[in-house]
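Please find below my notes on this entry, set out as numbered points. They are meant to be read alongside the sequence and the coordinates.

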Amino acid sequence: MTDCPSTYTPRGALTPNRPLDSLTWLRVGGPADWLFQPADEDDLAAFLKGLPEEIAVFPMGVGSNLIVRDGGLRAVVIRMGRGFNGIACEGETVTAGAAALDAHVARKAAQAGLDLTFLRTIPGAIGGAVRMNAGCYGSYVADHLIEARAITRAGQRVTLTPADLNFAYRQSDLPEGWVLTGATFRAEPGDPAALEAHMAEQLAKRDATQPTKERTAGSTFRNPAGFSSTGRADDTHELKAWKVIDDAGMRGARIGGAQMSEKHSNFLINTGGATAADLENLGEEVRKKVVQSSGISLEWEIMRVGEFEA
């Protein structure tokens, strides 16, 4: 497989049979048929326009919330890099490329006296944050988004409103094969020093409660309550994913090199040498035990894509 799958020859890097394990935070996964790293929006639009309809497209961010199965992905994986990571603050708006890291956007906004501090502790980049309506401590992308920009599967540029994306808890209605390229957010003004102090407090709280030094993909399952932790003193834990996992006796559970974290039981860890199958099988075992224990069916927050190894 060496010929370009599109009728357009791109300026960006196009790599056949590219293993994806090194591109995900969990460090697992087989090869993609193709990995395309577009040079800019024009390059991406022309490539998609020339790509036959029957070839699947999978937009991939920094791989922070993803399990690629061991058999790999029969698709063109689109991964943004330079050319899609700019951040600009103007008035009370912040515009960021899809590849801009959430943490960098929060910090750049704070320096400009704009409050997007909720993004500081969210792993990943802006494209994934919009796609998943990422949220933390009671704030979500849906609360701040003015518009998002995308290239359709047919190579057309479109601008999407929050209504178009139909946000819900940890999800949006982005059509299959569309690739987000950037977004503009509305932010409340604030004192830069106070915003920096608030983010430092958030980071300290995260590091004290989550296995941030391990290979994880963030929260494994959505909270059954249907909202993320608020971080407030009156926060309720009864329908938190970690609580029902604990109640099912699955904190620290292992399969192969995969483990549910002892520090925070809603975090799936690659302790070293785990396969994608180890990680997914452990997650499914946790789901089974939670149903038996509480009758609650946990929904995956980590996206799982690709084929099982034959």
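1. Which side chain meets that of Glu 285 in a salt bridge? In this model, which is a predicted one, the partner is Lys 288, with an N to O distance of 3.6 Å. The two residues are three apart in helix α8, so they are separated by about one helical turn. Glu 285 counts as partly exposed because its relative accessibility is 24%, and Lys 288 is likewise classed as partly exposed, with a relative accessible area of 45%.

2. Elsewhere, salt bridges that share partners bring Asp 33, Arg 74 and Glu 307 together in one network. As a general matter, side chains of opposite charge can pair when their charged atoms come close.

3. Helix α8, which covers residues 276-294, also holds the salt bridge between Glu 284 and Arg 287, whose closest N and O atoms are 3.0 Å apart. Here too the spacing is three residues, so that about one helical turn separates Glu 284 from Arg 287. Glu 284 has a relative accessible area of 31% and is therefore partly exposed.

4. A further salt bridge joins Asp 207 to Arg 206, and in this case the closest N and O atoms lie 3.4 Å apart. With a relative accessibility of 30%, Asp 207 falls in the partly exposed class. For the structure as a whole, the search finds 16 salt bridges, among them the bridge between Asp 207 and Arg 206.

5. On the aromatic side, the count comes to two pairs. One of them is formed by Phe 221 and Trp 300, whose ring centres are 5.1 Å apart and whose planes make an angle of 55°, an arrangement classed as tilted. This pair connects distant parts of the chain, since Phe 221 sits in the loop between α6 (192-209) and α7 (241-247), while Trp 300 sits in the loop between α8 and β18 (303-305), 79 residues apart. Both partners fall below the 20% cut-off for burial: Phe 221 counts as buried because its relative accessibility is 1%, and Trp 300 counts as buried because its value is 9%.

6. A charged group is also placed against an aromatic ring, in that Lys 205 lies over the face of Tyr 137, at 5.2 Å from the ring centre.

7. Turning to the strands, β2 spans residues 31-37 and is mostly covered, with five of its seven residues buried. Strand β2 runs antiparallel to β1, to which it is joined by six bridges, and within this pairing Thr 15 stands opposite Leu 35. The pairing of β2 with β5 (residues 73-79) is in the parallel sense and extends over four bridges, and there Trp 34 stands opposite Val 76 in β5.

8. Finally, what does Cys 4 touch, leaving aside residues up to four places away in sequence? The contacts are with Pro 10, Leu 14, Trp 34 and Phe 47. Cys 4 belongs to the segment that precedes β1 (13-19), and its relative accessibility of 28% is the reason why Cys 4 counts as partly exposed. Between Cys 4 and Thr 15, which are eleven residues apart in sequence, the C-alpha to C-alpha distance is 9.2 Å. One contact of Cys 4 thus leads back to the sheet pairing described above, because Trp 34 is on the list and stands opposite Val 76 in β5.

Note on methods: Residues numbered from 1 in each chain as written. Predicted model: local features only at pLDDT ≥ 70, side-chain atom pairs only at ≥ 80, totals over all residues. Heavy atoms only, no water. Buried < 20%, exposed > 50% of the residue type's maximum accessible area, 1.4 Å probe, protein only. Contact = heavy atoms within 4.5 Å. Pairing = 2+ DSSP bridges. Salt bridge = Lys/Arg side-chain N within 4 Å of Asp/Glu carboxyl O. Phe/Tyr/Trp six-rings, centres within 6.5 Å; stacked < 30°, edge-to-face > 60°. Lys NZ or Arg CZ within 6 Å of the ring centre and 35° of its normal.
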